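Biologist: I'd like a close look at one part of this protein, the sheet that comes first along the chain, and then at how that part sits in the rest. Could you walk me through it?

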Amino acid sequence: MKDLKYLYYFENLLDNAENELVKKAEEEGRKCIGTVCYQTPEVLMELPGLFPVRLRAPRTGSLEMGTYYLTSFLCEYSRALLERAIEGGYQFLDCLIAPDGCTMINRCVENMELLKINEKEDFFYKYLEVPMKDDDNALTMYTGQCRTKMLDAFRDHFGIDTSDDALRKAVADYNRVCDVINAIGEFRKEENPRITGYEFHIICMATYVCPKDLILGYLEETLEEIRNRVPDEKNHFRARVEVVGSEIDDVDMIKLIEDSGALVVADRFCYGSLPGRHRIDLKEGEDVLTQICAHYMHDSVCPRQMNLEKINRRKAYVKEIADDYHADGIIFEQMKFCDPWAYERMTGSYILREEYGYPVLTIDRPYAVGNSGQIRTRVQAFVESMEIKKIQGGRR
């Protein structure tokens, strides 16, 4: 297929946490809000005068200092972020909001605060309590946390308008980006898709780390380009897979899978579009903040939520995606020492295989995959096993 016009541009935006669009927004006087998890409602950081950046540590090398402060038993994502913070890589932030999504990322951010990694005078940290259940009590608590720890803090520190009108505008702008990403994602359902998983991952990730209004034009032009794109006459991939699991911001992970012969057609992982880029639909006459929080709480399929309905829903959702995107198999990945996804990978892979009949490969991986020969070999073997199952007449 013909190369996408802006793919190289999107790739360059991911090379540094403080990319050129982040710098442009800062020059306009906007405040940059750092975040580390889906559980912190992204749209609340889209209010006029603000923009969010989901933290990454691109081109991670040594984790020596991060490991010194956090030990080698914490996930490499938290250690990589702390390492980059100590190196001075997040000086562009104006504040950092961290949910208690997991103890590891909380310890990472607490160490950033103790080490005073940001030199801005008005810089502040907020720790957000987020629900472990999906019910009315949890929603009341979640809404209160978002109001006091986020909206009130933005108003008091930065003079930001946090009215319902401002929130509705932020939601409308957020939905425009979601609509474009979802429209691009629909092409992945084609028998011979006109976009690869790697290309989609690059485009989707850029929406998490750039001011959305500054990247929207590039996204819309890319959508039109894909609509008119002619796929290769022959599909070069041997199988279609859905990737499920913990945080993936390493572009090499998806590339490695596709170089091994498996086209990634769906992304049910942190930094993915399912459900990370679902639009927020607001009703008239109801509290806007409560509706936003309800969306994030009800729509979340994070393994942190532990009520039985959510536990069962997570497995069913993965199966629904695999059906919808015509996946031949599922790759269930987990970053090493990620406790929430470790349990989810164990139970989820069993149910998807034994109850839903999907071939499943489980992977325990580092933060930065690079050119891992071990993972490549396992994916290649998985592709071959799916081909054999097809020959034998079914997934089983």
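Modeller: Here is a walk through that sheet, followed by the rest of the chain.

Bear in mind that this is a predicted model. The sheet is an open one of 4 strands in the order E2-E1-E3-E4, and the pairing is parallel. Its edges are strand E2 (50-54) and strand E4 (124-128), each of which pairs on one side only. From one strand to the next, the twist averages 25°.

Now zoom in on E3, residues 95-99. On one side E3 pairs with strand E1 (residues 31-35), in the parallel sense and over 3 bridges. You can pick out the partners by name: Ile33 is bridged to Cys95 in E3, and Gly34 has Leu96 as its bridge partner. E3 also pairs with E4, again in the parallel sense, here over 5 bridges. In that pairing Leu96 stands opposite Tyr125 in E4. So Leu96 is worth clicking on, since it takes part in both pairings: Gly34 is its bridge partner, and Tyr125 in E4 stands opposite.

Is E3 buried or exposed? Of its 5 residues, 5 are buried, so the strand is largely enclosed by the rest of the structure. The cover is there on both faces: Cys95, Ile97 and Pro99 are buried on one side, and Leu96 and Ala98 are buried on the other.

What packs on this sheet? Helix H6 (residues 136-158) does, and it touches E1, E2, E3 and E4. The direction of H6 makes about 170° with that of E4.

H6 is also a good place to step off the sheet, by way of Arg147. The side chain of Arg147 meets that of Asp287 in a salt bridge, at 3.6 Å from N to O. Arg147 belongs to H6, while Asp287 sits in the loop between E6 and helix H11 (288-299), so this pair ties together parts that are 140 residues apart in sequence. Arg147 is partly exposed, at a relative accessible area of 35%, and Asp287 is partly exposed too, at 34% relative accessibility.

That loop leads to another sheet. It is an open sheet of 4 strands with parallel pairing, in the order E6-E5-E7-E8. Strand E6 (262-269) and strand E8 (360-365) are the edge strands, each pairing on one side only. Here, the twist averages 25° from one strand to the next. Strand E5 (residues 239-245) pairs with E6 in the parallel sense over 7 bridges, and Arg240 is found opposite Leu263 in E6.

Since you have salt bridges in view, here are some others. A search of the whole structure finds 32 of them. Lys255 forms one with Asp259, with 3.2 Å between the closest N and O atoms. Both residues lie in helix H10 (residues 251-259), 4 residues apart, or about one turn of the helix. Lys255 counts as partly exposed at 36% relative accessibility, and Asp259 counts as partly exposed at 47%.

Then there is the salt bridge between the side chains of Lys315 and Glu344, at 3.2 Å from N to O. Lys315 is in helix H12 (residues 308-324) and Glu344 is in helix H13 (residues 339-354), so the pair ties together parts that are 29 residues apart in sequence. Lys315 is buried, with a relative accessible area of 5%, and Glu344 counts as buried at 6%. There is a network as well: Glu42, Glu46, Lys212 and Arg277 are linked by salt bridges.

Finally, zoom out to the protein chain. Its secondary structure comes to 14 helices and 8 strands. The radius of gyration is 20 Å, close to the 21 Å that the globule rule gives for 396 residues, so the chain is as compact as a globular protein of that length. The C-alpha trace spans about 65 × 45 × 40 Å along its principal axes. Buried residues account for 57% of the 396 residues. Among contacts between residues at least 6 apart in sequence, 75% join residues at least 24 apart. The chain exposes about 16,700 Å², and carbon and sulfur atoms supply 49% of that.

How values were computed:
Residues are numbered from 1 along each chain as its sequence is written. This is a predicted model: local features need pLDDT of at least 70, side-chain atom pairs count only at pLDDT 80 or more; totals for chains, interfaces and linings use all residues. Side-chain values use heavy atoms; hydrogens and water are left out. Two strands pair if DSSP finds at least two bridges between them. Helices (H or I, at least four residues) and strands (E, at least two) are DSSP runs, numbered from the N terminus. Axes are lines fitted to C-alpha atoms, for helices over the stretch in contact, and angles run from 0 to 180 degrees between N-to-C directions. Contact means heavy atoms within 4.5 Å. The radius of gyration is taken over C-alpha atoms; the globule rule is 2.2 Å times the number of residues to the power 0.38. Buried means under 20% relative accessible area, exposed over 50%, partly exposed in between (1.4 Å probe, protein chains only). Accessible areas come from the Shrake-Rupley method with a 1.4 Å probe; for residues, only the protein chains shown count as cover. A salt bridge is a side-chain nitrogen of Lys or Arg within 4 Å of a carboxyl oxygen of Asp or Glu.
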